[in-house]
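User: I would like to work through this structure by question and answer, beginning with the ligands. Please reason each answer out formally.

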Amino acid sequence: MTAMTIEETRHEDEKCMADAHSVAPQKAEFTALENTEKDKKLDVKTDIEPCALDAIPYAPFTCAKEGKVAEPWLPTTLRVIEAALVKATPVLDRTLRPILSLLLRTLMPLISPGLPGAHTLRPLCPAALSRTPTVQTLLPIIAPLLPPTFAPSFLDHPACKRNLSYEALRWEVVSRGEGRVVDNDVMLVDTGAFTGRCPKDRYVVDAGEAHRRVGWGEVNIPLKEATFDEVYAECARRLWGLKTVYVFDGFVGASKSSRLAVRVVTELAWHHHFCTNMFRRPTNEELAEFCPDITILNSGPDGFARWREAGLRSATCVALDLNRRMGVIMGTQYSGEMKKGAFSMMNYLLPRQGTMSMHCSATVGAAGDAAIFFGLSGTGKTTLSADPERLLVGDDEHGWDEEGVFNLEGGCYAKLIDLDPLKEALIHAAVRRNALLENVVVDASGMCNYCDKSRTENTRCSYPMWHIPSHVPGGCAGHPRSVIFLTCDAFGVLPPVSVLSEEQALYHFVSGYTAKVAGTEQGVVQPTATFSTCFGGAFMTLPARAYAELFMRKLQRHGIPGVYLVNTGWTGGGYGVGRRMDITATRQIVAAILDGSIREAELTLPDPVFQLRKPRTLRGLDPQVLDPSKAWEDGLAFHDTCAKLCELFTANFMNTLYAATTQQAQDLEMKMNKDTLVVMST
Ligand SMILES: Nc1ncnc2c1ncn2[C@@H]1O[C@H](COP(=O)(O)OP(=O)(O)OP(=O)(O)O)[C@@H](O)[C@H]1O
Ligand SMILES: O=C([O-])CC(=O)C(=O)O
């Protein structure tokens, strides 16, 4: 891993961007046969029954390489109807639309069988129709009325802007008044009412295969397929009715064998900018034959009007259909929903190929020694992976297959609150031209005030990977040598670092104890203790057990020498009393893990409550720092708080994991809980 390689990567990434730059907003020659090639590719490795894939009812806005349809085939009758419709266009209003819709629905299947090339199309596809000038005019009106089977590609939208260059993006965002350029030439936007995710408005379609597979509950709230279709159609209707629509085509996943092509259609130019920063950018060649596996529609601020009738909680709706690989976002501008939507999809698909999907950051050292840092939002994945001594693989979402770990994304999404240029130099330097700031407060001269929490604590910046100069070529690394669980302990009682046994590793992985930090979710205004399974429960679509089993298999198979629990949260007292762990101390701990010196340290006996063993000393660190009880002034309060947290651990285990499982699994889990935690008797 030489500087040369890093340079090469940068060029590789920049080539993708340069390629993307040179692509003028274009309309590709698409027909409507769906993503069957890609499905086949996925199918090879998955355990999805072939019939389940065949049964995918439709995947709109996708293309086929074969099946180009000769242009002059429209029967005269249809031409006449078209001409009449064109004339009628100005007078079409809401009452006429259903009639038009009915007409088209009835006509199309009737005339399709005899058409040349029809065998390659769903009964009759407007994407093929769409190349005629008259239909070009009509499409914005027709498209939203069509049943999804007939839905055309958004590339056929008369003013579709696709994979814009950064220069074009800048112009779009500013000229549309969506953002402005501030300090250090960076774009700043305001995300409106929502400055974090809305987990209570996140739904997953409960139908078909997903019905059997998804871990249903508060995280994956079931939604009827018909309701999803209604929201999706409403969102599509909105997007089709816009003067300009933005289409980003790219990939999720650095590993070419398992990556998926994602299309994100947005109303807002700055959302397009976000996708350009965060997803993996295609080369020109890839773009030319692009065929989406996943389609996400995002109509930004406007919510779903019929939410009451549809039985939703509010007009905000973030919904995924895992069977058809579609997502829809309405009523929130918070951009993290787009990347986390695609991530949730990957968390459903990857484990079925035997690939672990993880809410973690990853780095690799000069010797090729990879490390992964699991952690819920705000625990320090981005901060600690921006390490001048190592190369960055990625800061948030990764897969782990037979080759090693690979990034799912093409950029980073850093929290900027209280950003300290000295302690977080790499991130600070990454906030430059082409980065995209969200909700940061600036003064009159446009200078960022990172300490200002008046807008939100969840101030963010997305930037492409090459803004961190030391990033890994291609986003892939080998099997990790160190696994770190980052927990942000709002009670302030967990040690800054604990060395976990294999059983403890599994226990803490499924428990995922941490705190939700302020701002990342709507309504969370202060750090709140939570158990987020796999340290990313909010995005895990399968039951925790699926990830836990894969994780254990990976640990054993690759003989991972160490799993560590690192507390980046509070010390010396809980939130409001103690203080946040010093980043410099956390960095020293992480350095000792990564260089292996922690393995030479003498360990304490397991503590009586959590059964955790911690190193007595670590190079360069005051030993006092390693013992959380020493940081508390009131020893009794420390012990009481330990007991309280311990009860929460056990309750979580009983409620969310232990319940509703087989007797055998219950016995195993009970043993795990007993071995790992000993409830303190006072
Ligand atoms: N000891 C510490 N270790 C790590 N981060 C700390 C520590 N103390 C404070 N912080 C702050 O906590 C925040 C961690 O945010 P970061 O973006 O790294 O989290 P993340 O896990 O990547 O979250 P997300 O998944 O939401 O992007 C940063 O603002 C960082 O400055
Ligand atoms: O996507 C992100 O990095 C933010 C995140 O983890 C979250 O919203 O919980």
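**Ligands and a salt bridge**

User: How far is an oxygen atom of ligand 1 from an N or O atom in the side chain of R460?

Analyst: The model is predicted. R460 is among the residues that come nearest to ligand 1. A polar contact requires a pair of N or O atoms within 3.5 Å. The pair formed by an oxygen atom of ligand 1 and the side chain of R460 has a distance of 2.6 Å.

User: Which residue offers a polar backbone atom to a nitrogen atom of ligand 1?

Analyst: One contact of ligand 1 uses a side chain: a polar atom of E424 lies 2.8 Å from an oxygen atom of the ligand. Another involves a nitrogen atom of ligand 1, with a polar backbone atom at 3.0 Å. That backbone atom belongs to M581.

User: What percentage of the area of ligand 1 does the protein bury?

Analyst: A nitrogen atom of ligand 1 is 3.0 Å from the backbone of M581. Taken alone, ligand 1 exposes 630 Å². The share of this area that the protein buries is 93%.

User: Which element gives the largest share of the shell around ligand 1?

Analyst: The space taken by ligand 1 is the second largest pocket. Two or more residues of the shell come from each of α14 (381–385), β17 (411–415) and α18 (583–594). The largest share is three residues, and the element that gives it is α14.

User: How many charged residues does the shell around ligand 1 have?

Analyst: The residues around ligand 1 number 20. By class, five of the shell are nonpolar and eight are polar. The charged residues number seven.

User: What percentage of the accessible area of ligand 2 does the protein cover?

Analyst: Oxygen atoms of ligand 2 have polar side-chain atoms at 2.6 Å in R197 and at 3.2 Å in K339. For D396, the corresponding distance is 3.4 Å. On its own, ligand 2 has 270 Å² of accessible area, and the protein covers 98%.

User: How many charged residues are in the shell around ligand 2?

Analyst: Ligand 2 sits in the second largest pocket. Its surroundings include Y334, H359 and F539. By class, three residues of the shell are nonpolar and two are polar, while the charged ones number five.

User: Why does the salt bridge of D185 and R170 tie together separate parts, and how many residues apart in sequence are they?

Analyst: Side chains of opposite charge can pair when their charged atoms come close. In the salt bridge of D185 with R170, the closest N and O atoms are 2.5 Å apart. D185 lies in the loop between β2 (179–182) and β3 (186–189), whereas R170 is in helix α8 (residues 166–175), so the pair joins parts whose separation in sequence is 15 residues.

How values were computed. Residues are numbered from 1 along each chain as its sequence is written. Chains are lettered from A and ligands numbered from 1 in the order in which they are written. This is a predicted model: local features need pLDDT of at least 70, side-chain atom pairs count only at pLDDT 80 or more; totals for chains, interfaces and linings use all residues. Side-chain values use heavy atoms; hydrogens and water are left out. A residue is near a molecule or strand if one of its heavy atoms lies within 4 Å of it. A polar contact is a pair of N or O atoms within 3.5 Å; within protein, one must be able to donate a hydrogen and the other to accept it, and residues adjacent in sequence count only if both atoms are side-chain atoms. Accessible areas come from the Shrake-Rupley method with a 1.4 Å probe; for residues, only the protein chains shown count as cover. On a 1 Å grid over the protein atoms alone, a cavity is a set of points where a 1.4 Å probe fits but cannot get out, and a pocket is an open set with protein on both sides within 12 Å along at least five of seven lines; lining residues have an atom within 4 Å of a point. A molecule sits in a cavity or pocket if more than half of its atoms lie within 2 Å of its grid points. Helices (H or I, at least four residues) and strands (E, at least two) are DSSP runs, numbered from the N terminus. Ala, Val, Leu, Ile, Met, Phe, Trp, Tyr, Cys and Pro count as nonpolar, Asp, Glu, Lys and Arg as charged, and the others, Gly among them, as polar. A salt bridge is a side-chain nitrogen of Lys or Arg within 4 Å of a carboxyl oxygen of Asp or Glu.
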